Number of protein chains: 2
Amino acid sequence: MRTIIVGFLGCGNIGCGVWKLLNEFKEDLLHRSGVEFSIKKILVRDIAKKRDEVVPRHLLTTNPADVTDDPEIEMVLEFMGGETPATQYMLRALQMGKTVVTANKMALALNWHLLQSAAEKHNAGLYYEAAVCGAIPVIRTTIDSLQSNRIEEIMGIVNGTTNYILTRMSQEGSDYADVLRDAQRLGLAEPDPTSDVEGYDAAYKISILSSLAFHARVPFDVVYRQGISQIETVDIAYGKELGYTLKLLAIAKRQGNVIDARVHPTFIPDSHPLTSVNGSFNAIFLHGHACDDMMLFGRGAGSAPTASAVVSDMLYAASRETPRHPTFRNNNELAEGLTVTDDWHCSFYLRLSASDRPGIMAHITTCLGNEGISIRNLMQRDAVDGRAQIVLITHDAGECAVRNAVEAINGPDVQVESMIRVEGN
Amino acid sequence: MRTIIVGFLGCGNIGCGVWKLLNEFKEDLLHRSGVEFSIKKILVRDIAKKRDEVVPRHLLTTNPADVTDDPEIEMVLEFMGGETPATQYMLRALQMGKTVVTANKMALALNWHLLQSAAEKHNAGLYYEAAVCGAIPVIRTTIDSLQSNRIEEIMGIVNGTTNYILTRMSQEGSDYADVLRDAQRLGLAEPDPTSDVEGYDAAYKISILSSLAFHARVPFDVVYRQGISQIETVDIAYGKELGYTLKLLAIAKRQGNVIDARVHPTFIPDSHPLTSVNGSFNAIFLHGHACDDMMLFGRGAGSAPTASAVVSDMLYAASRETPRHPTFRNNNELAEGLTVTDDWHCSFYLRLSASDRPGIMAHITTCLGNEGISIRNLMQRDAVDGRAQIVLITHDAGECAVRNAVEAINGPDVQVESMIRVEGN
């Protein structure tokens, strides 16, 4: 039996979940791993605050050095969230040679180069399964089980808040603003929902995940990002009629040395495995050159599922004699020899409003044809107030070509009212 | 850089897939792991046989000792399949202190106790990700990522052949015998399909997987097993009407110290994530006390996907300084203190044929009620030749109670024509 002395940075929802799992499951963990975790200090903002778990007051401190600098503490668990001061505290712990386990996707995505460099320099472990998709072992699968693969594509539903909102908009035909308000009331969306609904959270995660999958750093700022706040119910309904479901996807693809990484609302065909991922569940769909298609599905957030991933990382760290680091360079630039394209290829959904008169459809199809874009599905509805509603889905096309076509189509007689990318066809 | 000398036992479909992956992906593997695998000897039955990959003739041998006894060979990969002589060769390699990587679920499930004991005794690694669900990292997830969980339930679609047959029967309304013949013609079912269609293959896999998940040996012979050869299209169609899909599931559940492990045709509600797993795909759905629900989905067979898992195990073994063994006793008995029940609880689908006259329904419902079984759905169809078709789905009930009720129901006026278990309600 080995005892590992542990310190917490933060003790909110996730910290309390880890506290609970470590205590309630202590015997089993010891039996399975031969390791006992002993919690020595917990950094909190407010010692008097009421917590879900009864954490003894003498463990609490407001001085970060009590955790990061205590030579007895071997492993530091970070649950503060946010970029600052979590990054600084983690850097300090790594510099002191301690293993760091974190659930903080923001600090990790933005300061990956600093954290990984510090970990390597000081031969300290840095683990973050809980930072991407909660309980789902997507990091471990990528860096361990799929080492034997060239991963060519990742598509993930990695944000529970937006998935909940889109699921309800689709099932009930409700408006975005109404469902968001409801989600906020239920505690499923933050009072300031920007990070979730504008896709920042998903972009942090795909930056981390695609870096590991492609064995090449994909910095956060090269990830294209579009959120769900402009989504209209009418497009979800038209998509449904055509056999498509709308999801906020985090996507990363690699073809040779060209990468694209992006977060945007995406239609996927109803037959695609990601379609059935509803509510607060997360899922990662990926394609490797040997393993072919694969999907991992589960709880992407919540106190217990996140604790499951944190404690799994603790056991993993404890079982290794030397820490594990990525094999690619950890600076904040895109890896040498790689390029990021914003001219990715997929299908596109377009909704147009047009004057109800001859020649309009010819104009639309000519503009598309001029850019080499062909049509897969087309639907025209009866005109309302003299304006016809036209919905179409293209075959595979380039983003730039579609943007050019949209510009050429738009005029006094016809307007492209929405453009949504389609994947998985 | 480290070179690991490797020997193959067998070089059929999977062996050739591994050969190809190790050769084509050599540079990447070396870059990622610092390890180079060098293949020294390959045991085959027939040296002259034509293979998918061009394997140099001087590597081939018909003498197993050239692989198992060569002191230079550090890692032995077993792709022979079948219990004998694969088990003996693997035992020999383990006794010689070599790491063994195998894709052989049969040898492993039937001789787990011998193989694991030999591995422990001789401090040799024994890895078998490829033995359960091909490329899907279900072994690694169970023993690594979910160590922090008490896994309470596993339900898997673990056999591609039966899933292909049931998918086509459901989509086309075809008969079992016709689809089986087609599957055999396409190479998706063996000339003797018994191992797949009677559920042996699935039972091997759930024995292995549940042992690891429950941290307690669940021997193959305690797994209840029923295949798909008696399935009638009419039941698939009635199930569909009621919102259920038929799958051959491998199931293992644990409540306290009571375990059940079983393979049988199972209806699952259309909203369940396993429903969308069609054709030759595999999936494992599981529930842990911390991680909650999780599903892993992917290719369960095939040359490249299986090779993906084998090479992943090779890298895993190469990265460990000491081999990893289960923490529970490896004899061939059910773990002490555990009991296996054959009185599991789930819902049940019953199809009855009854004389079309008063009192029949009262008789049926009384027999069910006497056993404490209540009805969830009921459907009666117009009588044909004076026999009414009645289909019902019960609420949660015990297997023994349902068997008793069926016995009480059966008589000259009414016959239970099929009974199919329902999970995931």
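Here is a short chat about how two chains of a predicted model fit together.

User: What makes chains A and B related as by a two-fold rotation axis?

Analyst: Take chain B and turn it by 180° with 0.0 Å of shift along the axis, and it superposes on chain A with an RMSD of 0.0 Å. The two copies are thus related as by a two-fold rotation axis.

User: Which residue of chain B comes closest to that axis?

Analyst: That's B:Leu296, whose C-alpha is at 2.4 Å.

User: How do you know that the copies meet through the same surface?

Analyst: Contact here asks for C-beta atoms within 7 Å. By that test, 41 residues of chain B are in contact with 41 residues of chain A. On the chain B side, helices H2 (26-33), H6 (138-145) and H12 (303-319) each supply at least two residues, and so does strand S12 (292-299). That side divides into 18 nonpolar, 14 polar and nine charged residues. Now, 100% of the interface residues of chain B are also interface residues in chain A, so the copies meet through the same surface.

User: Why are the S12 strands of chains A and B called paired?

Analyst: Pairing needs at least two bridges. S12 of chain A and S12(B) have five, in the antiparallel sense, so they pass. In one of those bridges, A:Met294 has B:Gly298 as its partner.

User: What makes S15(B) and S16(B) a pair?

Analyst: Seven antiparallel bridges link strand S15 (residues 375-384) of chain B with S16(B), and two would do. B:Arg381, for instance, has B:Gln389 as its bridge partner. Their hairpin has two residues between the strands, and B:Asp385 takes a positive phi near 55° there.

Key
Residues are numbered from 1 along each chain as its sequence is written. Chains are lettered from A and ligands numbered from 1 in the order in which they are written. This is a predicted model: local features need pLDDT of at least 70, side-chain atom pairs count only at pLDDT 80 or more; totals for chains, interfaces and linings use all residues. Copies are superposed by least squares on the C-alpha atoms of residues with pLDDT of at least 70 in both. Two residues are in contact if their C-beta atoms, placed from the backbone, lie within 7 Å. Helices (H or I, at least four residues) and strands (E, at least two) are DSSP runs, numbered from the N terminus. Ala, Val, Leu, Ile, Met, Phe, Trp, Tyr, Cys and Pro count as nonpolar, Asp, Glu, Lys and Arg as charged, and the others, Gly among them, as polar.
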